[in-house]
Amino acid sequence: MSSISVRRIKKSFAALTILHSVDMEIEKGEFVVILGPSGCGKSTLLNVIAGLEECDEGQIVIEGKDVSGLEPSERGLAMVFQSYALFPAMTVRRNLSFGMEIAGTPKATVAEKVAWVAKLLQIEALLDRKPGQLSGGQRQRVAIGRALVRSSSICLFDEPLSNLDAKLRAETRVELKQLHETLGSTMIYVTHDQIEAMTMADRVAVMHKGKVEQFAHPQSVYEKPASLFVAGFVGSPAMNFLEGNLDGLGRFVTGDVSIDTSAYAFEGPPLAREAVLGVRCENISIVERGTPQTIPAMLAFTELLGADALAWFDCLGKRFSVRLGVEAARSMRKEVGLRFDMAKASLFSVASERRL
Ligand SMILES: Nc1ncnc2c1ncn2[C@@H]1O[C@H](COP(=O)(O)OP(=O)(O)OP(=O)(O)O)[C@@H](O)[C@H]1O
Ligand SMILES: [Mg+2]
């Protein structure tokens, strides 16, 4: 049985459709990340699941029970919001215990839970301070703790790390992931940060304009993006794209260059059509200019990244990135040929923008 079923959810604000029939089956204990650009409908979807926002059509089923008509408090979920509001006049201890006190939880249990969550999130030393006396990261952990003490088997997070600096973000990310492993609860985590998505998720739902374009393991989203949008959104630097035509005879043709596609695993029959070839910077090798089946390229500049380097080339009117060793980048020739590893490339239909 799925932990959470999102079934054909539609949602509009006035004339604007925000969610177009979203479907998602989330397994028990899964860490699902909803990833997408600002404004694509992530928070709206999370709010519909939590019951904070009513949907126009569709159903939310939690652990086998249709909760579509239920109040947020009746759905048995814990949620951490995009802006974590703590009660400023209360100590950290009180911020953590308040919800349980309101719910009439026995005093001893409240104390036990506060002690447990404080130890888990390493905020024991802060329990008697007020939010104003905490750093941003500490406040964020208190907000997360407040959701966890509800001991709900499902936690929803809406960009919980958005206000932290890069270092703290990275640390809290690891803590949250470990927490998920310790607690075994189902988590849905909204972010527009693809590093969070790649590192934390069991599965990522990539959203674009109110639709889920792909719902899969982060590695398959990276290696086999289901659409042009996913290919361009996931990965840094962005995937390199080249427009051309599949000739129906097993070749991708662009300008004077024709590339054999026999190493490529097509999803369907490789019919002749306009197509986009996508290749990541680590799947391109540098060869002599004029080698058959390679793209002529002119070096624009190189970037040293510490562990490795990126060389940027101008080819066929586009800028291409190639990942290289630092030494290879230092001694890069001006005029080269680029060979694409077709087994690791992606092909998309121009008409449907879907993977071929
Ligand atoms: N109450 C509302 N009334 C009208 N439009 C709304 C309302 N809430 C959200 N929207 C619109 O719906 C769209 C999706 O908003 P949503 O908050 O779900 O985006 P998001 O993916 O969470 O973005 P972000 O990453 O910026 O938080 C946006 O265009 C937003 O302006
Ligand atoms: Mg949002």
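## A salt bridge across the chain

In this predicted model, Arg 203 and Glu 30 pair up through their side chains in a salt bridge, with 2.5 Å from N to O. The two partners sit in distant parts of the chain, 173 residues apart. Arg 203 belongs to strand β9, which covers residues 203-208, while Glu 30 is found in the loop that runs between β2 (16-26) and β3 (31-35).

If you are keeping a tally of such pairs, a search of the whole structure turns up 16 salt bridges.

## Two domains and where they meet

The domain assignment splits the protein chain into domain 1, residues 4-231, and domain 2, residues 244-349. Taken over C-alpha atoms, their centres are 39 Å apart. Seven residues from domain 1 and five residues from domain 2 make up the contact.

Interface size is often expressed as the accessible area that is lost when the parts come together. Here, about 610 Å² is buried between domain 1 and domain 2, and carbon and sulfur atoms account for 51% of it. On the domain 1 side, α7 (218-223) and α8 (228-233) each contribute at least two of the residues that touch domain 2. That side of domain 1 consists of five nonpolar residues, one polar residue and one charged residue.

What about specific polar links? Between domain 1 and domain 2 there are zero salt bridges, but two residue pairs are in polar contact, both at pLDDT 80 or more.

## Around ligand 1

Twelve residues surround ligand 1, and those that come nearest are Ser 38, Gly 39, Lys 42, Ser 43 and Thr 44. For Lys 42, an N or O atom of the side chain is 2.8 Å from an oxygen atom of the ligand.

Two further distances may be handy when you look at the site. Gly 41 places a backbone N or O atom 3.1 Å from an oxygen atom of ligand 1. With Glu 159, a polar atom of the side chain lies 3.5 Å from a ligand 1 oxygen atom.

## Backbone details to check

Most residues other than glycine have a negative phi, and most peptide bonds are trans, so two spots in the backbone deserve a friendly mention. Which peptide bond is cis, with omega about 0 degrees? The bond that joins Ser 236 and Pro 237 is cis. Pro 237 lies in the loop between α8 and β11, the latter spanning residues 240-246.

The other spot is Gln 122, a residue other than glycine whose phi is positive, near 55 degrees. Gln 122 is also in a loop, this one between α3 (107-120) and α4 (136-148).

Note on methods
Residues numbered from 1 in each chain as written. Chains lettered and ligands numbered in written order. Predicted model: local features only at pLDDT ≥ 70, side-chain atom pairs only at ≥ 80, totals over all residues. Heavy atoms only, no water. Domains from an automatic or database assignment. Contact = heavy atoms within 4.5 Å. Buried area = accessible area lost by both parts, 1.4 Å probe. Salt bridge = Lys/Arg side-chain N within 4 Å of Asp/Glu carboxyl O. Polar contact = N/O pair within 3.5 Å; in protein donor to acceptor, adjacent residues only side chain to side chain. Helix = DSSP H or I, 4+ residues; strand = E, 2+ residues; numbered from the N terminus. Nonpolar A, V, L, I, M, F, W, Y, C, P; charged D, E, K, R; others polar. Near = heavy atom within 4 Å.
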